[in-house]
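Work through the exercises below with the sequence and the 3D structure at hand. Try each task before reading its solution.

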Amino acid sequence: QVQLVESGGGSVQAGGSLRLSCAASGSGSRINAMGWYRQAPGKQRELVASITSGGSANYTEAVKGRFIISRGNAKNTVYLQMNSLKPEDTAVYYCNAEGTTGTFYSRYTAWGQGTQVTVSS
């Protein structure tokens, strides 16, 4: 199975920047896409951005032009560069990976433990 470890959360003032990192580990698995979700208090978890193994990126409308998702050269890491942060970006951010594993290419979805991002006004 794939394990995901996130880092890079923290507190910042509005207008500031943060960079989140997520590293995947685990043998016998293939990663097709990685992404970032977030969950604010009292709200449902939502997709922030995702990127395929081919490098195709997708963003939720609220972060377009401010956030950039990218993958490392080894394809088992994903980054989220967050610029021009707003108080409404405050949430727990979760790394996500989707792919297949094993001889029969069983599909899986993996989640990180979450990292807090707090933006003050």
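A residue counts as buried when its relative accessible area is under 20%, as exposed when that area is over 50%, and as partly exposed in between. The model used in these exercises is predicted.

**Exercise 1. Place Arg66 in the structure and decide whether Arg66 is buried or exposed.**

Step 1. Find the location. Arg66 belongs to the loop between strand E6 (57-59) and E7.

Step 2. Apply the cut-off. The relative accessibility of Arg66 is 10%, so Arg66 counts as buried.

Step 3. List the contacts, leaving out residues up to four places away in sequence. Arg66 touches Gln81, Met82, Asn83, Ser84, Leu85, Lys86 and Asp89.

**Exercise 2. Describe the surroundings of Asn83, and find which side chain Asn83 meets in a polar contact of 3.0 Å.**

Step 1. Asn83 is located in the loop between strand E8 (77-82) and strand E9 (91-101).

Step 2. With a relative accessibility of 25%, Asn83 is classed as partly exposed.

Step 3. Neighbours within four places in sequence are set aside. Asn83 is then in contact with Gly16, Ser17, Arg66 and Phe67.

Step 4. The partner in the polar contact is Ser17: the two side chains are joined at 3.0 Å.

Step 5. Now take a residue from another part of the chain. Ala23 is 60 residues from Asn83 in sequence, and the two C-alpha atoms are 21 Å apart in space.

**Exercise 3. State where Ser7 lies and which residues Ser7 touches, not counting residues up to four places away in sequence.**

Step 1. Ser7 is part of strand E1 (residues 3-7).

Step 2. Its relative accessibility is 39%, so Ser7 is partly exposed.

Step 3. The residues touched by Ser7, under the stated restriction, are Arg19, Leu20 and Ser21.

Step 4. Compare this with Ser17, which is ten residues from Ser7 in sequence and 14 Å from Ser7 in space, C-alpha to C-alpha.

**Exercise 4. How many salt bridges does a search of the whole structure find, and which residues are joined into one network?**

Step 1. Recall the principle. Side chains of opposite charge can pair when their charged atoms come close.

Step 2. Take the total. The search gives four salt bridges.

Step 3. Start from Arg38. Arg38 and Glu46 form a salt bridge in which the closest N and O atoms are 2.8 Å apart. Glu46 has 35% relative accessibility and is therefore partly exposed, whereas Arg38, with a relative accessible area of 6%, is buried.

Step 4. Look for another partner of Arg38. The side chain of Asp89 meets that of Arg38 in a salt bridge of 2.9 Å, N to O. Asp89 is in the loop between E8 and E9 while Arg38 is in strand E4, so this pair ties together parts that are 51 residues apart in sequence. Both Asp89 and Arg38 are buried.

Step 5. Turn to Glu61 and Lys64, whose side chains meet in a salt bridge at 3.2 Å, N to O. Glu61 is exposed because its relative accessible area is 59%, and Lys64 is partly exposed at 45%.

Step 6. Identify the network. Arg38, Glu46, Arg66 and Asp89 are joined into one network by salt bridges that share partners.

**Exercise 5. Which two residues form an aromatic pair, and why does the pair tie together parts that are 74 residues apart in sequence?**

Step 1. A pair of aromatic rings is described by the distance of the centres and the angle of the planes.

Step 2. The count is one aromatic pair. Tyr37 and Trp111 form this pair, with 4.9 Å centre to centre and 70 degrees between the planes. An angle over 60 degrees counts as edge-to-face, and this pair is edge-to-face.

Step 3. Tyr37 lies in strand E4 and Trp111 in strand E10, so the pair links parts that are 74 residues apart in sequence.

Step 4. Check the exposure of Trp111: its relative accessible area is 37%, so Trp111 is partly exposed.

Step 5. Look over the ring of Trp111. The charged end of Arg45 sits there, 4.7 Å from the ring centre. Elsewhere, Arg30 lies over the face of Tyr105, 4.0 Å from the ring centre.

Key:
Residues numbered from 1 in each chain as written. Predicted model: local features only at pLDDT ≥ 70, side-chain atom pairs only at ≥ 80, totals over all residues. Heavy atoms only, no water. Buried < 20%, exposed > 50% of the residue type's maximum accessible area, 1.4 Å probe, protein only. Contact = heavy atoms within 4.5 Å. Polar contact = N/O pair within 3.5 Å; in protein donor to acceptor, adjacent residues only side chain to side chain. Phe/Tyr/Trp six-rings, centres within 6.5 Å; stacked < 30°, edge-to-face > 60°. Lys NZ or Arg CZ within 6 Å of the ring centre and 35° of its normal.
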